[in-house]
Amino acid sequence: MPKFEINVNGVSKNVDVAEDTPLLWVLRDHLDLAGTKYGCGIAQCGACTVHLDGKAVRSCSLPIASIAEQKITTIEGLSEKGDHPVQLAWKEVDVPQCGYCQAGQIMTASAFLDHNPNPTSDEIKTAMHGNICRCAAYTRIHRAVEIAATKIG
Amino acid sequence: MSTSSITFNRRAFIRTSSLASGGLLIGFNLFTACKPKAQPPVDISQLNFNDFNAFIKIADNGAVTIFSPNPEIGQGVKTAMPMLIAEELDVAWKNVYVQQGILDTENYSRQLAGGSQSIRLGWEPLRQTGATARQMLVNAAAAKWGVDPSECTTSEGVITNSKGETLGYGEVVREAAVLKVPENVTLKDPKHFKIIGTDAPNVDIDKIITGKPLFGLDYKVEGMVYACVLRPPAFGKILNSYDDAKAKAMPGVLDIIRIGEKAKELAKEGVGNWTVVMGKSDKVVVIAKTTWEAMKAKEAISATWVDDSAMESTEFQDNQLLGLLDGKEFKTLRKDGDIDKAFSQADKILERTYESPFLPHNCMEPMNFFANITDEKIHLVGPVQTPEYAATAVAGMLGRDVKDVHLEMTRMGGGFGRRLYADFVYEVAEIANAIKKPVKLVFSREDDMTAGTYRPAIKYRIKAAIKDGQVTAYHLKEAAIDENMYGLIPNFFPAGAIENYQVDVANYKSNITTGAWRAPYTNFLAFAEQSFFDELAETMEVDRIKLRLDLLDKVKGTVDERIEYSPERMQNVIKVAVDKSGWGKKPEGVFQGFAAYYCHNSHVAEVADVEVEHGLPVVKKITCVVDCGIVVNPLGAINQIEGGVIDGVGHAMYGDLSFMDGKPQSQNYDKYRLIRMGEIPVVESHLIQNDLAPTGLGEPTLPPAGAAVANALKAATGNRFTQQPFSKFPELMKVPTKPLIG
């Protein structure tokens, strides 16, 4: 099987996997970074969202062979001490119910706010529309993104 | 009503012990304590710590750890239940650590399944446990000082005597450990609660926001392999043959095996078709080094299937259910007066039929489970809401002693009723037993959606008689699949309010596996009933709120013990909802819909506000008023209310799983629509403040949401939605160009 060198959370990692292996499963099964979640496998739910060179991407639909030098950031690497403004806002609002989708929500929100630190309410809704929360904790997700924006902006 | 409704024998479930490391360990059996009718063991002296499943540890430095066995599926009980203990123990919440299931006892397998009843059932015993522990610490301190325990007070983990001397809990744990468990302890007056009623964040919040492994899918041990299962493509088909040559040659594939014998035996023994999804068929299992390799190899297996039983389509199910409603074969669950006579004398009769589709649960974390089976031990780890049941069934299936089973629970990525069914535990046990390796069974999303234990399609027909401006008869008929409504549901509103009242039910058996789904039966019955009451008010030309309040008046003072809803509490939530939602006072362009419902011992009223945007009605806001008694953790409670309301709106609007020749027509989120951020209404929550014992909150805000929306859509469009999901009827969503009157 081909070998790939990828940069995850600032660390270079070597993995030996089939070239069509989605980044999601490389993270979870090979690198033991289980914070990135499997939800649908077809880029519809957003549970697997990570950053690729700072942009939010769906790791379940991203073959390892397509990554090359791009830098990967997962929920485990978003901040050193869990104190990224988005994480702090999530804690302040006490967003989660079951909590399963939240890593993906946080990764989508943090990439969005990097690009748009002063969003309107509607812009937040549009940005977060791709991430499903089956517990429907959407009201708090929305509020937490607003609060995170005030911490960043 | 008192705040205490459950009696139990305290001595039967509390034992104490000193710890070798210093400190006091108090063990208690949550499972027994929370079962209202559970019998304590005859011989208490036979109990040992393996009979307990929840513990309070007070270290000699005063640190308090509560080991909670209760699984977290998202309703917040892992936070709220320890709050009850901490309140009566009288410690500061910030000094309490909550841990789940990490105490290493061999028989740590008796966890309590979650659900809307956890707090209601745990209310008394959990506080009693905390109060007992507190009393033992006070008794120990009093003995040390040579004073009477009644002279001592406690606050935040410190005991103070009448001279003002103090001792921390940690300083008396050694002495307390050898004292007798006190028989009589006094619980706090709710007025003096310091923890109950205050906001406590989710105890796992730090782990969730940093992506720590918490869930079943995250569990991993050295040498673990992964299993993906090929199941029949349609309900009614069974495996004929398969060719795995291509799959076997794929990278990472370790083995391909056929399972099913054990599950079939289990089904034959009458464990029930709902426990073994597609249990009649053998299944093909890929064992691989990684999840992806197992998933991919599964796709490479070519299998042939044969027809074994009927392959149902949605059209067939609809016809069956309508046939049942039109027929005469009913079981009568409640009968008051004489409905036939009342209908024959009526001035007007209103009859409507309400129809719902199948719904999958769609937990965000797909079904999965870990098993490692050796001659010594059956080790099971994962997310399941019925651990005791699963452990017993697995032991039975494998012909092993249940004492060999060690079942650990993980946090669950949603439950909604799906994880009450342990089919995935049986599957992984059969696989692990065959391969003798630690193995994780993983459902793909497609597996999860197509091998479900669905909320079945259900239809209600409601008929009411009106005479002299009064509702004189109410006839509710239910046509369902596999099972009908149960328990006290036939005695919910308007039972007791209408003289001639009858509930009739009928069902047919399907080979599609069905089961409980968040707020079973009431999740759709509330829609039917509360839509019907709106139409009833329109037909009678009376105010829709007044109609409900007047009917509730008639239930006051009832001596019917089957009626457990409170007309006073229901009227109160209705009145508060009218007030808080600005009912009838909204500016032009805001269309409101009302619904009120009682279930899971809680009373809820909801008002939906719909506005027209780009020619289409949009649900902008839901005002939700809840009376669930004392609110243990308002921060968590509001989250449950908002989630339940939005879930109710979402499924009423979009939820739909149809079948064609036994095959589910949606397999993933590209075709199955769940509500998303851009579609949510604002939810304004109001909690009624009172001193009554807490009741369910995980479920009761969901059922009325669909009706509130349908009633508001009627106001906006003039069209009445009687079928879910509403999105299936775009022609009814059209808003008339001329404004509606009224």
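Helices and strands are here DSSP runs, of at least four residues for a helix and at least two for a strand, and they are numbered from the N terminus. With that naming in hand, a reader can place Val17(A) in the loop between β2 (11-16) and α1 of chain A. The model is a predicted one, and the predictor gives the complex an ipTM of 0.98 and a pTM of 0.93.

Val17(A) makes a convenient starting point. Is this loop residue buried or exposed? A residue is taken as buried if 20 or more other C-beta atoms lie within 10 Å of its own, and Val17(A) counts as buried because it has 23 C-beta neighbours inside 10 Å. Once its neighbours within four places in sequence are left aside, the residues in contact with Val17(A) are Met1(A), Phe4(A), Val26(A), His30(A) and Ile64(A). For one of these, Phe4(A), the C-alpha to C-alpha distance from Val17(A) is 7.6 Å, while the two residues are 13 apart in sequence.

Moving outward to the whole of chain A, the domain assignment gives domain 1, covering 3-77, and domain 2, covering 85-152. Between the C-alpha centres of domain 1 of chain A and domain 2 of chain A there are 21 Å, and the contact draws on 15 residues from domain 1 of chain A and 13 residues from domain 2 of chain A. On the side of domain 1 of chain A that touches domain 2 of chain A, the elements giving two or more residues are β3 (49-52) and β4 (55-58) of chain A, and β3(A) provides the largest share, 3 residues. By type, the residues of that side of domain 1 of chain A are 6 nonpolar, 7 polar and 2 charged.

Further along chain A comes helix α4, residues 121-128, in which Ile124(A), Ala127(A) and Met128(A) are buried. These residues lie on the same side of α4(A), because they cover an arc of only 85° around the axis. Among what covers the buried residues of α4(A) are α3 (102-115) and α5 (138-152) of chain A.

The next step is from chain A to its partner. In the contact between the chains, 47 residues of chain A meet 47 residues of chain B. The side of chain A that touches chain B receives at least two residues from each of α1 (23-30), α2 (85-93), α3, α4 and α5 of chain A, and α5(A) gives the most, with 5 residues. The residues on that side of chain A divide into 25 nonpolar, 15 polar and 7 charged.

Chain B itself has 18 helices and 28 strands, and of its 742 residues 55% are buried. Among the contacts in chain B with a separation of 6 or more, 79% are between residues 24 or more positions apart. Chain B is divided into domain 1 (10-210), domain 2 (223-309 + 369-441) and domain 3 (458-733). Where domain 1 of chain B meets domain 3 of chain B, 18 residues of the former are in contact with 19 residues of the latter. Helices α2 (77-89) and α3 (118-145) of chain B each supply at least two residues of the side of domain 1 of chain B that touches domain 3 of chain B, with α2(B) giving the most, 4 residues. That side of domain 1 of chain B consists of 9 nonpolar, 7 polar and 2 charged residues.

In soluble globular proteins, nonpolar side chains tend to be buried together. In this model the largest nonpolar core has 260 residues, and those that touch the most other members are Ala227(B), Val394(B), Val425(B) and Val428(B). Apart from residues up to four places away in sequence, Ala227(B) touches a set of residues that includes Val285(B), Val286(B), Ile287(B), Val428(B), Ile431(B) and Leu441(B).

Glu222(B) offers a contrasting case, with its place in the loop between α5 (205-210) and β9 (225-230) of chain B. Glu222(B) counts as exposed because it has 5 C-beta neighbours inside 10 Å.

Finally, the confidence of the prediction deserves attention. The mean pLDDT of chain B is 88, and 88% of its residues reach 70 or more. Over residues 31-51 of chain B, however, the pLDDT is below 50, although this stretch has 32 contacts in the model beyond near neighbours in sequence. The pLDDT is also below 50 over residues 102-115 of chain B, a stretch with 40 contacts in the model beyond near neighbours in sequence.

Key: Residues are numbered from 1 along each chain as its sequence is written. Chains are lettered from A and ligands numbered from 1 in the order in which they are written. This is a predicted model: local features need pLDDT of at least 70, side-chain atom pairs count only at pLDDT 80 or more; totals for chains, interfaces and linings use all residues. A residue is buried if 20 or more other C-beta atoms lie within 10 Å of its own, exposed if 12 or fewer, and partly exposed in between; C-beta atoms are placed from the backbone. The arc is that of the directions from the helix axis to the C-beta atoms. Two residues are in contact if their C-beta atoms, placed from the backbone, lie within 7 Å. Ala, Val, Leu, Ile, Met, Phe, Trp, Tyr, Cys and Pro count as nonpolar, Asp, Glu, Lys and Arg as charged, and the others, Gly among them, as polar. A nonpolar core is a set of buried Ala, Val, Leu, Ile, Met, Phe, Trp, Tyr and Cys residues joined through C-beta atoms within 7 Å. Domain bounds come from an automatic or database domain assignment. pLDDT is the predictor's confidence in each residue, from 0 to 100.
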